There are 2 protein chains.
Amino acid sequence: MRKGDAQEIRRLNRRAILGHLRRGPLTRADLSRLTGLAKSAVSRLVEELLQEGLLEEGAATSPPLGRPGTLLHLRPRARFALGAELGVEGTVLLALDWRGEVLWAREWRHPPEAGPKERLARLLEEALPQAKNALGLGFTLPGVVVEGRLLLAPNLGWQELDLNPLLGDFPLPVLAENDAKASALSEVFFHGEANLAYLVLSTGLGVGVVAEGRLLRGANGAAGEVGHWLGEEAKPCACGRRGCLETALGLGTLLEHHRALGGKAKDLEELMAQAAGGSPEAQKAMDHLGEALGRFLANLAVAYDPARVVVGGKAAELFPLLEGSLRRALEAHAFLPAHRVLPVQPSAYGHLAPAVGGASLFLARFFELGGLWAEGPRRNGGRYEEVAFGDGRGIGA
Amino acid sequence: MRKGDAQEIRRLNRRAILGHLRRGPLTRADLSRLTGLAKSAVSRLVEELLQEGLLEEGAATSPPLGRPGTLLHLRPRARFALGAELGVEGTVLLALDWRGEVLWAREWRHPPEAGPKERLARLLEEALPQAKNALGLGFTLPGVVVEGRLLLAPNLGWQELDLNPLLGDFPLPVLAENDAKASALSEVFFHGEANLAYLVLSTGLGVGVVAEGRLLRGANGAAGEVGHWLGEEAKPCACGRRGCLETALGLGTLLEHHRALGGKAKDLEELMAQAAGGSPEAQKAMDHLGEALGRFLANLAVAYDPARVVVGGKAAELFPLLEGSLRRALEAHAFLPAHRVLPVQPSAYGHLAPAVGGASLFLARFFELGGLWAEGPRRNGGRYEEVAFGDGRGIGA
DNA sequence: CCCCTTTAGTTCGTTCTCAGGACTAAGTAA
DNA sequence: TTACTTAGTCCTGAGAACGAACTAAAGGGG
């Protein structure tokens, strides 16, 4: 129930202009037509945005008739944010341009005994030299994160952790988010679509859901923790219960199953190589997983009804090997005809997706505010209230 | 990416005022404090709303100090909408005040052979005399509804149905929605909470999810069709597939199970009576269902992470008999500590919930527009774009 | 070469809405 | 009766968009 005043109008209209320019260069006249604003209003706002260094004038158009217009576009690097992923195996840190370009990236592994304190300290240390002028730092964790607290991260073995005290005097606003949710945001923010599910499948299994351009978080940040759907099997799960779906679909189980079929592979890379090389056991193991995933996607489709599913995590690399059996199973088990042809694709940002999503938390906010980065979000970690992208078409569309 | 102008400000501020007054009477000074608007602005807007007959002045406050204020409240019956449920067994039609009061209600059964055309014709015929001055008619169906089309309603045996041609020249805007989704809306619109799952369990099983005050619909309107999650059992389902969850949890199965235990009950009412009377078979059957439901709720909790679950449909009547075993199972299977204490309650509007939700589609829109009912939504059925209630606190809170 | 048409973009006067201060109204307390 | 406090109104000024008039820059036709 926000109130309105003149500032609010200006904010709305700046946002509309920046939002349209995210999709590509446009003239003032184009903007006037697209937004419905009077030409004079567009001129004034554009002038202001040029002054602030957010926009740049580019080439002139050459229309068949009439005076040519001047193309306007977002000035590269005018704004950027830092994003990071604290993953099971290592950390990714990057700087992301407001147009979606990765300006800088760095990855490192960590000693197996490293706890949250050490890992976060290293992250902040590496981020510090890049922090100048950044909008903020958004980092992700493979667990349930709500309002700056990590409730549970079974695959890290961490739980009930307040992240705020670990941030020290880092000079930027910081937000924490679940990895699958941030990945989903990265897709929707830069590549469109208002209804989307981002499936992260590696050791664990989780999904980030975007509905009508908004990230689904839930009351405790646990929406989309579908790896912990209980099935019939009763294998023990890292979360302490038995029968979670990720005990059946997690990639550890793929290797086990391969061995049970008589195959020999010391890790996933080897298994992939064997499957690609035509090994029947390897292919069989892949098909088994693909089949299970297809069936799982049919359930995901009735739960969230996304327009598109993006596959990330290690499974993105496996995807070509799984695709056939997965599609067959999905078609066989789909509830609606539309679900039979549900597009399923590997992630566009690849393994950078979570970190890109982390940075998007801030970029999204920046666009949401029409480029007015007044008082940022709360200083430290947590739930992010207003990240949404109207029609979800994104700049890639 | 909406643009803004002076009208937009006024709309926003009218909305803020009406939104606050939904929770109860307030003085102009209260409104000024709550909205952050200047006293003068509040005065002007209130004057306007009084003129339009939306508000009424009431008693004076008696503060310990200073001049007493005049309480303002929404004028009863100033606006209302029609809502209806086309259910498996019958039809419910009602008129709902913008404050949530049921002004008028009517129910009827239908001949078993009645098709969509006959049932809708009867509905419109009954609604016509009440239509004058109503904001619109929102009706629900137990199936997947998207943009005025019914894709699939297994328990009605209908599918791929364009509803628009069946509306004839009915003189109001009409919207169609899934019953569980509408029921969820009824709860959130009148009784608060921004994250909520409304579970409809009768013959079928479905859930309406509200996340951050917004109804989750999905790309095809199929979000929340959790009755068609595939499990391990392979019983045939009305949707044509095998193994859907509603074949295990649907109330038909409860009776079957009771009979398998040696019990005798010709229908649900009899079974309930026996369970209440202490019959061990009946209680056993109930416990079995309660246990399965509790486990199911644990899955629902990780899928959507609601702050509260409301139980509707026939199961609402059964709820006292199920509650114990349900809670035990939920506590045993919960993923997060928070889920162990997830509040589960029967529906406040009881069996009227879907129809109330149908009417809420229009009432919600009315408040969203700040009481300016300019051009309504599209003439006929369908997806409802902007229904949202900021903080979800509702008037009951 | 000039003029007409078309489209881009600017300038300026008007209108709408809110903010904020001055003012009036209506109560309590001393 | 006077001081104080809070409610509500009135009026002026500022910010923002609208829309009409205007200038700018192209192509085409006579």
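Helix 1 of chain B gives the most to the surface near DNA strand C, with five residues, where a residue is near a strand if its C-beta atom, placed from the backbone, lies within 6 Å of it, and where helices (H or I, at least four residues) and strands (E, at least two) are DSSP runs numbered from the N terminus. This is a predicted model, in which local features need pLDDT of at least 70 and side-chain atom pairs count only at pLDDT 80 or more, while totals for chains, interfaces and linings use all residues. Residues are numbered from 1 along each chain as its sequence is written, and chains are lettered from A and ligands numbered from 1 in the order in which they are written.

Around DNA strand C there are 28 residues, of which Ser43(A), Gly66(A), Arg67(A), Gly69(A) and Ser40(B) come nearest. At least two residues each are supplied to this surface by helix 2 (28–35) and helix 3 (39–51) of chain A and by helix 1 (6–21) and helix 3 (39–51) of chain B.

DNA strand D is surrounded by 30 residues, the closest being Ser40(B), Ser43(B), Gly66(B), Arg67(B) and Gly69(B). Here two or more residues come from each of helix 1 and helix 3 of chain A and helix 2 (28–35) and helix 3 of chain B, and helix 1 of chain A gives the most, with five residues.

The table sorts the two surfaces by class, with Ala, Val, Leu, Ile, Met, Phe, Trp, Tyr, Cys and Pro as nonpolar, Asp, Glu, Lys and Arg as charged, and the others, Gly among them, as polar.

| Surface | Nonpolar | Polar | Charged |
|---|---|---|---|
| Near DNA strand C | eleven residues | ten residues | seven residues |
| Near DNA strand D | twelve residues | eleven residues | seven residues |

The contact between the protein chains takes 50 residues from chain A and 50 residues from chain B, two residues being in contact if their C-beta atoms, placed from the backbone, lie within 7 Å. On the side of chain A that touches chain B, helix 1 of chain A gives the most, with seven residues, and the residues of that side divide into 26 nonpolar, twelve polar and twelve charged.

Chain A is superposed on chain B by a rotation of 180 degrees with 0.1 Å of shift along its axis (RMSD 0.1 Å), with the fit made by least squares on the C-alpha atoms of residues with pLDDT of at least 70 in both. That is the relation of a two-fold axis, and the same surface serves both copies, since 100% of the contact residues of chain A recur in chain B.
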